[in-house]
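Visitor: Please take one part of this structure and go through it slowly with me, strand partners and all. After that, carry on into the rest, and tell me where I should be careful.

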Amino acid sequence: MVWIPGESNALARHARASRRVRFEIAALAGNPALARAVEREAAQRPGVVSVTASAVSGRVLIEYAPGASVAEDLDRLARRPPAFVRPARAAAPAHWHAEATDAVIARLATSARDGLTEREARARLEATGGNVLAEEESPSRLALIASQVANLPNALLGGSTLISLLLGDWLEASAIVAVVGMNAAIGYRVERHSEDLLAAWRAAELGRADVIRSGALCSVPAPELVPGDLLVVSAGTVVSADARVVDAHRLAADEAALTGESEPVDKTCAPVARDAPLAERRTMLYRGTSVASGHGRAIVVATGGATEIARVQELAAESRAPKARLQRRLNALASRLAWSGLAAAAGAGLASLAHRRNPVEILRDSVALGVAAIPEGLPVTATSALVRAMARMRERGIVVRRLATAEALGAITVACTDKTGTLTENRMRLERVSLLDGDSPRTIDAGELHAPGPDSLDPRAVFGPIAALLAAGVLNSDIEYLASGELAGSSTERALVEAAQRVGLDPRVLRETWPRRRLVERSDDIRYVVSEHARDLEIIKGAPEQVVPLCALDPRARDAVLAENAALAGDGLRVLAIGSRRIGARAWRYLGLVALRDPLRAGSATAVHAAARAGIRTIILTGDQRATAEAIARQARLAGDVIEGHELPELLAARDAAARLRRVAVIARVAPADKVAVVEALRRHGEVVAMAGDGINDAPALRAADVGIAVGARSTDLARQTADVVLERADLRSILEAVAEGRAVQDNLRRSIRFQAAGNLGEILLATGAALAGQRLIGSLGLLWINLLTDTLPGLALALEPSDGALLERPPVHPDKPILDRADWRRVARDGAMIAGVSGAAAIVGGPIAAFAAIGATQFAYAAACRAPDRPLTRRFAALVGGSAALHLLAVASGPARALLRISGSSPLALAGFAAGAVGPLYIAWRRQATREIVRLSSQGATT
Amino acid sequence: MRFHLPSFLLGAVVGASGAALAPRLRPVAVELATGCYKLLDAALVKLARGREDVSDLLAEARARARTLAPARAAAGGAS
């Protein structure tokens with residue numbers, strides 16, 4: 001039997017009839033020396049007739065004799081499950097959560113006291129591989145370049161280049177290639193920079209883990225953890241591998257990043273049910289989550305690709321990444337222009353043939369006309385507009401990973417957002433405290449809490465009860481101070497400590513004065529915690545409906561307190577009751593209620609409101625329970641239906657699913673797969689969907705959305721890797737800034753493309769008209785010159801115009817609307833005819849040179865008329881359009897340049913043609929500007 | 001041969017750009033060549049495995065036809 005330790009040995013085929021078996025051995029590929037060694041070693045086995053190992057295919061063929069003992073071995077091997085024969089990247093799912101700790105320890109051959117030995121850990125690391133997730137491969141340089149070059153406009157240009165080369169017109173060919181190269185270089189540079197930035201962020205995230213090996217505590221790099229390692233965790237630890245808890249002291253983990261559950265989940269050692277869902281496996285700690293409070297030990301059971309995070313990552317990889325709409329729309333436009341160019345070229349060619357012109361000359365002119373039909377400036381214009389938008393967004397902390405995303409942002413119609421950590425801060429904050437004033441509760445807003453001033457007459461009278469309430473809360477809490485001075489623990493308890501500090505209490509002094517001796521933790525039925533302290537003090541803290549009845553309160557006061565609790569809970573607050581007593585006393589002394597809230601992020605409500613004004617509907621997707629989600633929606637002023645995840649299948653299968661989805665504002669209790677289903681359903685119904693999230697559980701939906709947005713620099717690695725846009729600031733208003741930029745790109749692109757299409761149409765009409773009249777006005781090189789000069793630079797100038805202030809005051813452009821609609825095409829036809837008419841008139845009066853000068857000048861002046869209303873003239877516009885006009889003027893006025901472009905005529909005629917061409921559109925531009933100015937002045941007068 | 005200014009200028013520009021861009025283009029060239037080699041290796045592996053698969057198929061068919069079928073026939077005749 002041939003077996004190479006540590007390598008993948010896979011049985012490719014075994015046929016007993018022919019007594020042949022073929023193995024795949026990964027290490028064999030490209031290693032002839034190993035192939036010979038394998039042949040030598042295997043041939044010595046009894047019963048083996050021949051062995052052929054191939055270093056090319058990486059396979060070994062063994063032929064054996066009838067009745068050879070090796071046949072039985074091979075048969076057995078063939079019957080083994082594939083997971084054994086071919087070690088899989090991820091192990092088969094195990095039910096570690098349902099097994100007793102002793103069984104886990106025995107199965108993993110480790111110790112709950114001393115952990116693994118260093119030697120064993122090294123051996124396991126070699127056998128199982130590093131504890132790293134398979135990263136999504138960054139696109140290679142070639143792929144990046146290919147993505148910039150491989151589009152229809154460039155393919156059409158490539159075809160034109162080829163024909164030019166075949167005709168020997170290398171100058172024309174070089175000019176076209178230069179434009180394509182410039183476009184690809186810009187796109188490549190920007191995308192590469194974005195990938196580098198994200199790679200740098202990822203590299204900064206590799207951590208370390210505390211483990212016990214050979215009985216001693218040591219810190220190892222997280223990628224070196226192996227199954228069987230004994231992890232030591234405490235509040236604040238980020239878990240680096242999936243692990244089974246074997247020792248827990250008030251241990252709770254924050255699993256929001258994995259399951260979406262915002263409250264810490266208590267962890268214990270007692271096995272849970274085999275079929276318990278991920279969020280309820282209380283015996284497990286999962287990679288990517290963090291320990292919220294307490295401390296404990298856990299045995300690593302899965303690393304790298306076998307962890308739960310990796311499974312979610314696979315789900316993210318399987319989700320479909322939609323193709324950018326800009327690409328589709330540009331392709332549609334390019335095809336349309338290509339067909340019209342082809343028809344025009346064919347028409348002109350037929351007309352020329354009727355006039356018995358030289359066929360080679362006709363082909364050359366047809367190519368020129370074909371090129372004229374393609375706006376060469378289109379790719380570079382689109383790229384530059386998108387790059388400009390990306391750069392502007394980056395200045396505001398919005399990293400856009402793909403060029404096309406910058407445009408897609410402008411078309412968003414629905415924004416799905418995760419709640420915890422995206423809409424809210426994932427950080428509890430004390431909002432109100434309630435004290436008993438006689439028999440009725442008195443609520444105090446947390447904003448009114450502050451330390452007593454030095455000149456306060458009787459601080460105890462004003463702050464006594466509040467200070468007692470918060471001091472009790474602090475003493476009862478399981479908060480640790482990290483070396484950095486930060487607090488580690490559940491966000492609820494951190495909030496209590498912070499509030500205590502605000503009223504002038506020092507938690508460390510309190511703990512030194514009343515050190516804790518014992519803690520009676522909550523269980524499934526008992527939803528409060530009792531702590532015993534020095535000086536005979538006991539404190540109780542927990543669910544009001546259980547704590548309040550234990551307190552010494554008369555029935556009226558008790559009812560009033562419970563009513564107060566209901567009111568606070570109805571407002572979406574998390575409420576805890578706190579009491580204290582002397583050890584040995586029967587009843588508890590009621591101290592008060594504390595009400596906490598996971599606050600909305602600053603600007604979340606404004607962002608939701610502004611999104612609605614911009615025609616973008618917001619849907620909250622959350623793993624939280626319905627009441628919490630409803631309260632958050634109320635705070636965010638989001639109106640609409642609230643449903644739960646389990647209602648989704650029925651809703652999505654319904655006939656009126658689209659209409660019902662349009663009414664939904666909140667979907668509570670959703671799993672990662674539900675989020676993907678919602679996003680895909682919305683897309684199916686024609687919406688352009690943005691998904692904003694920060695956790696690992698958001699990654700699949702981020703991938704499936706048209707625009708995936710990772711919120712905040714602290715969003716998980718997986719979310720950032722999957723997203724199209726990364727917001728450095730966790731502020732949803734940034735999304736609207738990005739939307740405004742996307743809309744500016746759409747507007748500018750539409751104006752620029754309209755300009756280029758009208759110009760090219762003018763050129764086509766002029767050339768075709770001349771051909772019909774049996775004339776050849778402008779040669780192929782001249783047409784290309786006009787086309788390059790009037791497309792690229794003025795097109796760029798229009799595409800890079802500043803954004804309009806009112807972009808977020810109008811609804812998004814319909815996703816399926818073509819870049820140019822019917823009205824736009826009518827304008828293109830009218831303006832193209834005007835350009836051709838002016839140039840044709842110049843040709844009749846002054847000959848080819850006048851036509852050549854006029855057709856350029858008309859388009860430069862037309863660019864000024866195409867500018868957006870209410871925008872001041874920018875230096876960039878003046879430089880680009882003015883520069884192009886100057887170049888054209890130079891070309892028509894100078895004899896050698898005319899000779900190079902093969903245009904005949906004199907300078908005075910050229911100058912006259914130039915002036916004639918420019919005057920008409922300039923007049924229109926001036927009139928529009930003047931009208932706007934008059935309207936502006938009159939509206940100013942009306943307001944004053 | 002006549003001196004042609006535009007050709008000369010174009011040549012000079014192309015030469016200068018080539019010299020300036022050469023260091024930046026090297027990684028792209030390396031990646032391009034690596035891709036070609038990978039493609040070639042993958043094609044060779046496919047070819048070799050294809051040949052092996054055909055050889056396995058023929059060997060099994062031959063064995064069934066010449067060994068198993070006569071044996072079955074003999075067993076059938078005996079019963």
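**A covered strand and its partners**

Guide: Let's start with strand β8 of chain A, residues 242-254, which is mostly covered: 10 of its 13 residues are buried. Keep in mind as we go that this is a predicted model.

So which strands does β8(A) pair with? One is β11 of chain A, residues 290-302, which runs antiparallel to β8(A) and is joined to it by 10 bridges. If you want a spot to click on, take A:Arg244: its bridge partner in β11(A) is A:Ile299. Another partner is β10 of chain A, a strand made of residues 284-285, again antiparallel, with 2 bridges to β8(A). Here A:Ala243 sits opposite A:Leu285 of β10(A). Then there is β9 of chain A, residues 265-266, which also makes 2 antiparallel bridges with β8(A). In that pairing you'll find A:Ala253 facing A:Val265. While you look along these strands, a general point helps: side chains in a regular strand alternate between the two faces of the sheet.

Now for the wider setting. Chain A has 944 residues, and 47% of them count as buried. Its secondary structure adds up to 34 helices and 28 strands. Take the contacts in chain A between residues at least 6 apart in sequence: 72% of them join residues at least 24 apart.

Next, a sheet with 8 strands. It is open, its pairing is mixed, and its order in chain A is β12-β28-β27-β26-β13-β23-β25-β24. At the edges stand β12 (398-400) and β24 (641-644), each pairing on one side only. On average, neighbouring strands of this sheet are turned by 20° against each other, ignoring direction. Look at the β24(A) edge: 4 bridges tie β24(A) to β25 of chain A (residues 664-668), and these two run parallel. There, A:Asp641 has A:Val664 in β25(A) as its bridge partner. Packed on this sheet is helix α25 of chain A, residues 672-684, which touches β13, β23, β25 and β26 (689-693). The direction of α25(A) makes about 160° with that of β26(A).

Two of those strands come up again with helix α21 of chain A. Which residues of α21(A), a helix spanning residues 604-613, are buried? They are A:Ser604, A:Ala607, A:Val608 and A:Ala611. Because these four cover an arc of only 100° around the axis, they end up on the same side of α21(A). The buried residues pack against β13 (414-418) and β23 (617-621), and also against helices α15 (419-423) and α28 (733-772) of chain A. Just past the end of α21(A), A:Gly615 has a positive phi of about 80°.

There's another open sheet in chain A, this one with 7 strands in the order β15-β14-β22-β21-β20-β19-β18 and antiparallel pairing. Why are β15 and β18 left without a neighbour on one side? β15 (440-445) and β18 (516-520) stand at the edges, and each has a single partner strand, so one side of each has no neighbour in the sheet. Neighbouring strands here are turned by 20° against each other on average, with direction ignored. Within the sheet, β21 (574-582) and β22 (589-597) run antiparallel and share 7 bridges. One pair to look up: A:Ser580, whose partner in β22(A) is A:Arg589. Helix α17 of chain A, residues 491-502, lies across β14 (429-437), β21 and β22, at about 65° to β14(A).

Don't skip chain B. It has 79 residues, of which 0% are buried, and its secondary structure is 1 helix and 0 strands. Where the chains meet, 19 residues of chain B are in contact with 15 residues of chain A. On the chain B side, that's 11 nonpolar, 2 polar and 6 charged residues.

And the places to be careful? Chain A has a mean pLDDT of 78, with 80% of its residues at 70 or more. Residues 316-323 of chain A stay under 50, and the model gives them 13 contacts beyond four places in sequence. Residues 455-462 of chain A are also below 50, with 2 contacts in the model beyond near neighbours in sequence. Where pLDDT is low, the predicted coordinates should not be read in detail.

Key
Residues are numbered from 1 along each chain as its sequence is written. Chains are lettered from A and ligands numbered from 1 in the order in which they are written. Two residues are in contact if their C-beta atoms, placed from the backbone, lie within 7 Å. Ala, Val, Leu, Ile, Met, Phe, Trp, Tyr, Cys and Pro count as nonpolar, Asp, Glu, Lys and Arg as charged, and the others, Gly among them, as polar. Two strands pair if DSSP finds at least two bridges between them. Axes are lines fitted to C-alpha atoms, for helices over the stretch in contact, and angles run from 0 to 180 degrees between N-to-C directions. A residue is buried if 20 or more other C-beta atoms lie within 10 Å of its own, exposed if 12 or fewer, and partly exposed in between; C-beta atoms are placed from the backbone. The arc is that of the directions from the helix axis to the C-beta atoms. pLDDT is the predictor's confidence in each residue, from 0 to 100.
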